[in-house]
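User: I would like to go through this structure in questions and answers. Please keep the reasoning short and plain.

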Amino acid sequence: MATTVALLLLTTVAMATEAPDLSLSLRRPLIVKAGRDALLTCVVHNLANHTLLWRRDLPEADTAAGGGGEALGVLTVGDYRVIDDPRVMVLHDDASVIRFCFLFSCHWTMLQACFWNFMAPEFCTSPVVGFVWSLSINSPGPSFLARNMKSDHVAGGDVFVLAIMNTTVEDSGMYICEVNTSPVSRSYHKLTVVTTDADITNVDEPVTSTAAPTTHDYSNCCRSKNVSESCLGLCSLTGLSQGGQVGDADCDSEFQNIVECMADGRNHLPCCQEQGVPPMCSGFCVGQYTPQTDSIRQHFSCATFSQIMVNCVAQGLDTLPAAPSALQVVVRSLGELQVSWTAGDSSAPAPDLFTVNVTRLRRFDGAQLGLDDNDTALEEGPQPGAQVQLFNVTASRMFLMVDALQPLTMYEVSVSAHNAYGSSLTSQRVRAVTWRSETSNAVRQPPPGSRLLPSHLRLYDVTDTCVPHASRCLRQLCDPRVASDTVVTDVIICAPWADKTFACMADGHDHSACCRARGLPQICVELCAGNVTKIDFRYFRCLGFMGSYASCLMQGYGVVPSAPREPRVALMDSGFAVVRWNPPEQLADTVQSYTLRVRPLRGATYITHTDVHAPYLLEDLQPATEYEFFVEAVNPRGPGVQSSRVIFQTLAEVEREEEAEQSTYSLSSCCLRAEMSPACMPLCHYDARMSTMRGLAHICAPEYHKLMRCSAGGRDHTPCCRRRGVPSACLPACRGQSSLEADCLPFVGNLWQCFEEGTGLLPPPVTALHASGVTNSSVVLIWEEEAQNVTGFQVRYGPVGTIRRSTLGMEELDQVLNVTKEFAVVGGLSQGQVYGFTVVSVNDHGTSLPTSVITVNVTAQDDVMQKAMTSHPHSLSVTDLSATELTISWAPPLISHPTDRIRYKISYRGPNATDFTNVTTAALSHRLQELQPNSQYIVFITALSGTGESRPSETLQLWTRPAYPAYVELPTIHPTDMVKEGGSMTVLCIAMASPEPTVALYINGRHVHEERTRHLVTSIRNVSRDMTQVTCYADNGYGTPMQSTRHIVISRRPIVTSRPEFTAPEGSSVTLRCRVDASPEPQMVFWRQPAAKREVVIDGGNFEVITQRGRKEGEYTMELKIREVAEENFGQFFCHAENVFGLHDQTR
């Protein structure tokens, strides 16, 4: 994925060859002593027919006072000076003089002669081949500094040096090298003229152009953000622009940290916007990265703007101040905040002032306001419900008191630094609530050194009274501080002492009222009175209320605070409430914190907030909902008396009206009307996913032209595509006039964003265009509009010759007539001339596309009613050709309505035919069959739609190939070395013929496979040993069919066959014979078994063993001749055969 990041954002090398490139310009700030000369170097590659100018970035006051070129700060245009200042001149190497001097190390006086007196080049010595020399006036003579780059960057007039002679302090400022591209390409060069040498730093140190900001290295920042070592190659401008040396590392998850470090706290967005970087890419200019998702809309490419963005960052690093840091906000009172901060990176240019942004939030949760992580994000203006105050503070003072604020209100504070060239990014944001001074929020702690509780909080020892009665139950039932830990076993064990323990705990007082107020069941209230005589299972339910029981005891002992006073809601909205209360009347000085419990009024349980103080913010509340809350004060002895319960209702949610007008255009409806296949309908949504497009590509690619036509919706999205960096080769797709080519897939997100935006803003196409009247010099056109967002119409027309008629496109219709009604009278036409007409709708955002075209012969006619129709198919071509078949393909009409159901009629005629044969199809290609060999055919295509039949496409005249009989090669068998029995083999039959032959495969004369092709591939499984003959057969109907046969041997284990029994009289001779089938040749022996074990029969004596091959491959014969049969020869003999694939025995 890291490579995806570099490819989508920063493919600078590939793009540099398409447009002028200023990345090699020397942008290091130049410091010159007054009275000396300054040389600012601009290097432009691939200038071509563009013009380069130098201008000075003047303050607004100077711009208003001037006029003409000087008012714009223009100094030079091309090789010419336009400012009336003889000290300024441009040095351009068009005459090769500067180039020659740059390629040789010259003495200063000689260099001056080279520049201004054009001294002969032989005065320059010490050639330095392969380098371009730059000039920096930091010493009495220039410092010659080499930059390693190819000399072709100099050749052809690529170096423009702005020379300012005899500089003064007033010459200080920003100088801009500018090329008139669209958008304009710029490089920025800062010049500072000082009065003393002491003001010049590092004058003796040569500063090479490789130290320019394009080499900005921020690897330390990347390491501090835990960027992996494999991705550190992207942590410099050079590495980022070239993709870095990251190999296969996945850097996508780390790219946000990388670009954040790259921005270095500077706001490069104004430069990016000025250079035409679209919003979807400009997050890069403020250190933000939006990872791509599976949505087609998010699959966009910023490669076109990568060099522009890098140049803007490089310029900003030289000119913009760093973001402030260490922002602190202290609440001083209900209406006052104290804001302080420190300056940013000291190595960055100094700020002139700081701007403090104090935003009053409507909600306490800023995320619900849609606030971004940075004020420099692409939000326009303050969010609804938020009030913004801006305060400018001089650079020397990093402190601000903000007063007259609303009490009990949350404010968000941020600070940014500014100078004459722009601003930093904002500091981190800090939020504060104006309710009271932060010093009064401190929790009260016991006095230092205090170890004992105040005497009025000390408990008398209840256990002293209980010891004689229940020594085993002292801890659980005689100490209210641990009463909440009581469990069932404690109650069962201590039941005999219950009357004594609960009486001791009550201390002779009735705490029933408190227990009832805390919601204890009636059976448990008896415990609070201390009059329990017997404990049984009914009291088990009281275990869940032991905490409240203990609290009531503590309240009765007088050691916990009384109830907090006056609980109330101080501020309320739909999603939050600020609640307040006053300290309790009793033991207020012992309160350490408060416990707040809140719940929706209807039946929900309480949500407990511990360790809180007044005022307190209740967040994440539901709008228009009733809530109840109460508060308890807590001291070292526990929670005190509960306050009264307060019921309040949050405000209703205010629905914000959507500012953007929603488009009524339905992409899916268009696809249905255009007869997109059901399998491809998931693509007919602007929020479709890239994974869906990839998964359906093999099915839906032939229908992409319908998808693109419907996605464009009959609107011309070309201006939007140019703004979003879609390359020129892909612009036809912005008009829905092409399928998605592979080179355009990286920009599919750019296209989809333009489509979705444009269908809501651009006017829809006109419909029902027709000509209702024709005279000898004019044509009357009438049409209908589809929507209300149309402000006018353009009639585009032009003469169409008989030759050009078949290639009619928008380029021929170069005359325009603007009208405001749904009709037009186009006059001034030439009689007898054929004209083409089309109409587009217009509004403030752009135009629609033409969806139909009329061609009219301008000759007076009566009762004319000629309908417009789609334009013709075009780009007709032959994709396959044989003796009897022809495959043609074409492109759909350039002019058609997105919902047109287009069919194509193919008309063709062969030799000796008077009429055309017609075939209709909905596809963009078709195969014509049963043609005559070696014959000429004429082919053209027309488009059929609801408006009628279009004019014909260009006409193809072609010859079919001559016919010749089939020739088939010997079958090719794989594997070639050994085909095993039971295994598989692949047979390839290759035939040559015209027309294409029918090829068949036969195994041992049995038909296996047949197909019309020149290459028949057949896979055969479970091969048997009898498959010894493989035949390829080919026939195309011309000449005699041909076949080729190959004999093969199937490798197999032995199989032995023989007669099962022989009878021979004693003393006679007998021959035992076996037949063996195997491949490769097996080892063959005879065995005999006279007793319990087998013996090998050895040739010799009374036995003669003979083995021999048969007539067929793989057939063998084994013979055992017994010359004189004796009694000891009676018994079983075995024929044994064995090879690498197995063995087999046969009894004789």
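User: Is Ala404 buried or exposed?
Analyst: This is a predicted model, and the answer rests on a computed accessibility. The relative accessibility of Ala404 is 72%, and the cut-off for the top class is over 50%. Ala404 therefore counts as exposed.

User: Where is Ala404, and what is its phi?
Analyst: Ala404 sits in the loop between E18 and strand E19 (410-419). Its phi is positive although the residue is not glycine. The value for Ala404 is near 60°.

User: Strand E18 was just named; what is the order of the sheet that contains E18?
Analyst: The sheet is open, has three strands and pairs them in the antiparallel sense. Its edge strands, each paired on one side only, are strand E14 (325-333) and strand E18 (399-402). From one strand to the next, the twist averages 15°. The order is E14-E15-E18.

User: Which residue in E18 is the bridge partner of Val339?
Analyst: Strands of a sheet pair through backbone hydrogen bonds. Strand E15 (residues 336-342) pairs with E18 over four bridges, in the antiparallel sense. In E18, the partner of Val339 is Leu400.

User: How many disulfides does the model have?
Analyst: A disulfide is a covalent bond between the sulfur atoms of two cysteines. Here a pair is counted if its sulfur atoms lie within 2.5 Å. By that rule the count is 14.

User: Is the disulfide of Cys42 and Cys177 left-handed or right-handed?
Analyst: The sulfur atoms of Cys42 and Cys177 are 2.0 Å apart. Cys42 is in strand E2 (residues 38-43) and Cys177 in strand E12 (residues 173-179), so the pair links distant parts of the chain, 135 residues apart. The torsion about the S-S bond is about -65°, so the disulfide is left-handed.

User: Why do Cys271 and Cys312 count as buried or exposed, and which is it?
Analyst: These two cysteines form a disulfide, with sulfur atoms 2.0 Å apart. Cys271 has 11% relative accessibility and Cys312 has 3%. The cut-off is under 20%, so Cys271 and Cys312 count as buried.

User: How many residues apart in sequence are the parts tied together by Cys1074 and Cys1135?
Analyst: Cys1074 and Cys1135 form a disulfide with their sulfur atoms 1.7 Å apart, and the link is right-handed, with 60° about the S-S bond. Cys1074 lies in strand E57 (residues 1070-1079) and Cys1135 in strand E62 (residues 1132-1139). The distance in sequence is 61 residues.

User: What is omega for the peptide bond of Ser1079 and Pro1080?
Analyst: Pro1080 lies in the loop between E57 and strand E58 (1083-1089). The peptide bond that joins Ser1079 to Pro1080 is cis. Its omega is about 5°.

User: In which loop is Pro995?
Analyst: Pro995 follows a cis peptide bond from Ser994, with omega near 5°. Its loop runs between strand E50 (985-994) and strand E51 (998-1003).

User: What accessible area do Tyr964, Tyr967 and Met992 have together?
Analyst: The three residues form a nonpolar patch on the surface. One of them, Tyr964, is in strand E47 (residues 964-968) and counts as partly exposed at 41% relative accessibility. Together the accessible area is about 310 Å².

Note on methods
Residues numbered from 1 in each chain as written. Predicted model: local features only at pLDDT ≥ 70, side-chain atom pairs only at ≥ 80, totals over all residues. Heavy atoms only, no water. Patch = residues over 30% accessible without salt bridge, like charges linked within 9 Å, V, L, I, M, F, W, Y side chains within 5 Å. Areas by Shrake-Rupley, 256 points an atom, 1.4 Å probe, with all protein chains shown as cover. Salt bridge = Lys/Arg side-chain N within 4 Å of Asp/Glu carboxyl O. Helix = DSSP H or I, 4+ residues; strand = E, 2+ residues; numbered from the N terminus. Buried < 20%, exposed > 50% of the residue type's maximum accessible area, 1.4 Å probe, protein only. Pairing = 2+ DSSP bridges. Axes fitted to C-alpha atoms, helices over the stretch in contact; angles between N-to-C directions.
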